[in-house]
Amino acid sequence: MIQDSGMLKHSLQRLLGLIPTLLMLVTVAFFLIRVAPGGPFDSEKLLPPEVEANLSARYHLDEPVLQQYFRYVGQIAALDFGPSYHYKDWTVNELIAQSFPVSLTVGLSAMVLAFFVGTLLGIAAALRQNTRTDYSLMGFAMLGMSVPNFVIAPVLILLLAVYAGWLPAGGWDWSIAYMVLPVITLSLPAIAYIARLTRGSMIEVLNSNFIRTARAKGLPESTVIRRHALRPALLPVISFLGPATAAMISGSVVIERIFSIPGLGSYFVQGALNRDYTLVMGVVIFYGFLIIILNFLVDLVYAWLNPKIRYDEKR
Amino acid sequence: MTKSAENPVLDPFEAALGVSDVKGRSPWEDAWHRLLKNRAAVYSAFIMAFIILLVIFGPMLISWESDFTDWDYTSSRPSIESGHWFGTDAVGRDILVRTLEGGRISLLVGLVATIVSLVIGVGYGATAGYFGGAADRLMMRAVDIIYALPFMFIVVLLMVVFGRHIVLIFVAIGAFNWLDMARIVRGQTLSLKNTEFIEAARACGVGDWAIIRRHIIPNLLGVVMVYVTLTIPQVILVESFLSFLGLGVQEPMSSWGALVSDGAQDMESAPWTLIVPSVFLTVTLYCFNYIGDGLRDALDPKDRL
C-alpha cells in the first residue's frame with residue numbers, strides 16, 4: 001500500500017495538531033477558576049490567618065498567577081490533577097480512578113447497544129423505504145432525538161421501577177439489574193440519531209451504480225447488502241461516533257445523577273455545586289482529553305475505511 | 001394583457017399555451033410549496049404557534065399567580081373543581097401557570113442564544129470563506145480548536161465560576177453554538193464566491209464588504225434558516241439540562257428543565273408535576289425538529305437525510 005506513508009504522516013500531523021487544543025483547554029479551565037469569586041476556603045467559619053496562610057502555601061495560592069499557571073500545566077502534563085478542595089484526604093486522581101470505571105461501563109454498554117440497534121433499525125427502514133414501517137421507525141427516531149434523557153429517565157423509573165417493580169429505581173452494585181435502565185436511557189438518543197444516519201446513507205448507497213452491478217450479477221439481496229452496501233453505508237455512522245461519545249459523556253452526567261450511580265459525572269455535578277474547583281477542573285480536562293483523543297481515533301478509522309479520502313486535503 | 005403589450009415577443013408563446021400571464025416561480029416560492037406539502041412540518045408549525053401564544057398570553061388569563069401557594073391544595077391532582085386544571089406541586093403552586101411561565105424562559109433562552117450564535121457564526125463564517133487563504137486557515141483552525149473542547153462541561157464551569165445568571169446562560173450557550181454555523185456558512189461562501197454573479201459584482205467595482213452584505217449573505221439565507229430552526233431546540237435542551245442539574249435558572253424564576261427536575265423529585269406522589277412540563281418541553285423540541293427537517297427538504301432538495 002503506497003498510501004500508508006501518507007496516512008502515517010497525516011496521523012502524526014493530526015496528533016501534533018491536538019496539542020494547541022489540549023493546551024487551550026487547560027488554559028481556559030485554569031484562568032476561569034482564577035477569576036472565580038470566592039476562594040475554596042471561604043467556609044462559614046473564619047479561619048485564623050496562620051491557618052489560611054498555611055492552606056494557601058499548601059495549595060500554592062501564594063505564588064504569582066503566572067507561576068501557578070506553569071506549575072499547573074506541568075502538573076497536568078504529568079497527569080496529576082492535584083488534591084480535591086472538598087473531599088479532604090482525596091486527590092482528584094483518586095476520585096477519578098474510583099468513579100471512572102463505573103461511568104465507562106455504563107457508557108461503553110450504551111455505545112455498543114446504540115451502534116447495533118441504531119444501524120439495524122436504520123437498515124430496516126432503508127430497505128422498506130416510504131412504507132409504514134419506515135415512517136413509524138423514523139417517527140420513533142425523531143421522538144428519541146427530541147425527548148431529553150432527563151425526561152425519559154424519570155418516566156422509565158416511574159413505569160418500570162415504581163409501578164411495575166421489575167427493576168431497581170437507582171443505585172449501583174455492578175450487577176446487570178442496576179445497569180438496564182441507565183444504559184437504555186443513555187443509548188436512546190444515539191440509537192435515534194444512528195438510525196436516521198444509517199437510513200439516509202443506506203438509501204443513497206442502494207441507489208448507486210455498483211449496487212446495481214452487484215444486483216445485475218444475480219447476487220441475492222442479502223449478499224448485496226452484507227458484502228457491498230454495508231461498509232460504505234456505515235461510514236457516516238463511524239464519523240458520528242466521535243460526537244456521539246461527547247454527547248454520551250455529557251448525558252452520563254444527568255443519568256448518573258438520576259439513577260444515583262457513583263460515576264464521574266455524579267462527582268462532577270457535586271463538585272460544581274460544592275465549588276470544588278480542582279475536582280471540576282480535573283473532570284473537565286480529563287473528559288476533554290478523552291473526547292479529543294477519541295475524535296482523533298475516529299478520524300483515523302474513518303480515513304482507513306474510506307477509500308476516497310485524500311491525505312493532502314485540508315478540510 | 002398588460003404584459004404582452006410591453007413584451008410582444010412573448011405573445012405567440014402565450015397564445016399557444018393558452019395563458020395570458022406566464023408567471024415564473026422563484027426558488028423561494030418553490031421551496032414554500034414544497035414546505036406546505038410536508039404535512040409533519042405544517043402541523044408542527046401550527047402546534048408551535050399555539051404553544052408560543054399559550055406561553056405568552058396563558059399566564060395572563062389564568063387567575064393563579066405562579067408563586068401563589070394554595071395551602072388547601074398541596075400536591076393535588078388535576079381537577080376542574082379546585083381550579084388547578086393540571087394539579088399543584090408540593091407547596092400548592094399551580095402547575096399550569098408555572099409551566100407556562102417556565103416556557104417563557106425556555107423559549108427566550110432558545111431565541112436569544114440562537115441569535116447570538118447566528119450573528120457571530122454568519123459574520124465569522126462569511127468573512128473566513130470570502131477572504132480565504134491564510135486568514136481562512138487561521139480562523140478555521142481556531143474553530144477546530146474550540147470545537148474540540150467539551151462544550152457542556154465548560155458551560156457548567158462557567159456557571160460555577162460566574163454564578164447562575166440568566167444573561168450568562170444566553171452568552172455561554174451562544175458562544176459555543178456559533179461554531180457549526182460558522183463552518184456551514186464558510187463552506188457555502190467558498191462555493192458562492194467563485195460564481196459569475198459575484199465576479200460580475202466585483203468587475204463593477206463593488207467593495208468586499210458590500211459584496212458580503214448584499215450578495216453573499218442573502219444567498220446564505222436558506223441554509224441559515226434551516227440551521228436556526230435546528231439550533232433553537234438544541235439550545236432549549238442545553239438550558240433545560242443545566243436547570244435540571246440545578247445549575248441553570250434559579251428560583252423564583254423557572255424553566256422547563258427546572259420544572260422537570262422538581263417534578264422528578266415528587267413523581268411518586270404527584271406524577272403530574274413531572275408529566276405536564278415534560279410534555280410541553282418534548283412537544284416543543286419535536287415540533288422544532290420537524291420544522292427544521294421540513295425546511296431542509298424544502299430549501300435544499302439535494303441533501304435529504
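A polar contact, for this tour, is a pair of N or O atoms within 3.5 Å, where one must be able to donate a hydrogen and the other to accept it. Keep that in mind, and remember that you're looking at a predicted model.

**Stop one: the interface.** Color chains A and B separately. Then select the 52 residues of chain A that are in contact with 43 residues of chain B. Between the two chains, about 4,000 Å² is buried, with 79% of that coming from carbon and sulfur atoms. Now show A:Leu32, A:Met142 and A:Phe150 as sticks: on the chain A side they lose the most area to chain B, together 15% of what that side buries.

**Stop two: polar links.** How many residue pairs are in polar contact across the interface of chain A and chain B? Just one pair turns up, with both residues at pLDDT 80 or more. Don't go hunting for salt bridges here, as the count between the chains is zero.

**Stop three: the helices.** Select H1 (3-35) of chain A, one of the helices that give two or more residues to the side touching chain B. H1(A) gives the most to that side, with 10 residues. Others to pick out include H5 (132-146), H6 (149-163) and H9 (221-258) of chain A. Color that side by residue class and you'll get 39 nonpolar, seven polar and six charged.

**Last stop: the cavity.** Searching the whole structure gives one cavity of 30 Å³ or more, holding about 30 Å³ of space. To find the spot, select the lining, including A:Pro168, A:Gly170, A:Tyr178 and A:Phe259. The full lining splits into seven nonpolar residues, one polar and no charged.

Methods:
Residues are numbered from 1 along each chain as its sequence is written. Chains are lettered from A and ligands numbered from 1 in the order in which they are written. This is a predicted model: local features need pLDDT of at least 70, side-chain atom pairs count only at pLDDT 80 or more; totals for chains, interfaces and linings use all residues. Side-chain values use heavy atoms; hydrogens and water are left out. Contact means heavy atoms within 4.5 Å. Buried area is the accessible area (1.4 Å probe) that two parts lose on being put together, summed over both. A salt bridge is a side-chain nitrogen of Lys or Arg within 4 Å of a carboxyl oxygen of Asp or Glu. A polar contact is a pair of N or O atoms within 3.5 Å; within protein, one must be able to donate a hydrogen and the other to accept it, and residues adjacent in sequence count only if both atoms are side-chain atoms. Helices (H or I, at least four residues) and strands (E, at least two) are DSSP runs, numbered from the N terminus. Ala, Val, Leu, Ile, Met, Phe, Trp, Tyr, Cys and Pro count as nonpolar, Asp, Glu, Lys and Arg as charged, and the others, Gly among them, as polar. On a 1 Å grid over the protein atoms alone, a cavity is a set of points where a 1.4 Å probe fits but cannot get out, and a pocket is an open set with protein on both sides within 12 Å along at least five of seven lines; lining residues have an atom within 4 Å of a point. Grid points are joined across faces, edges and corners, and a volume is the space filled by probe spheres set on the points.
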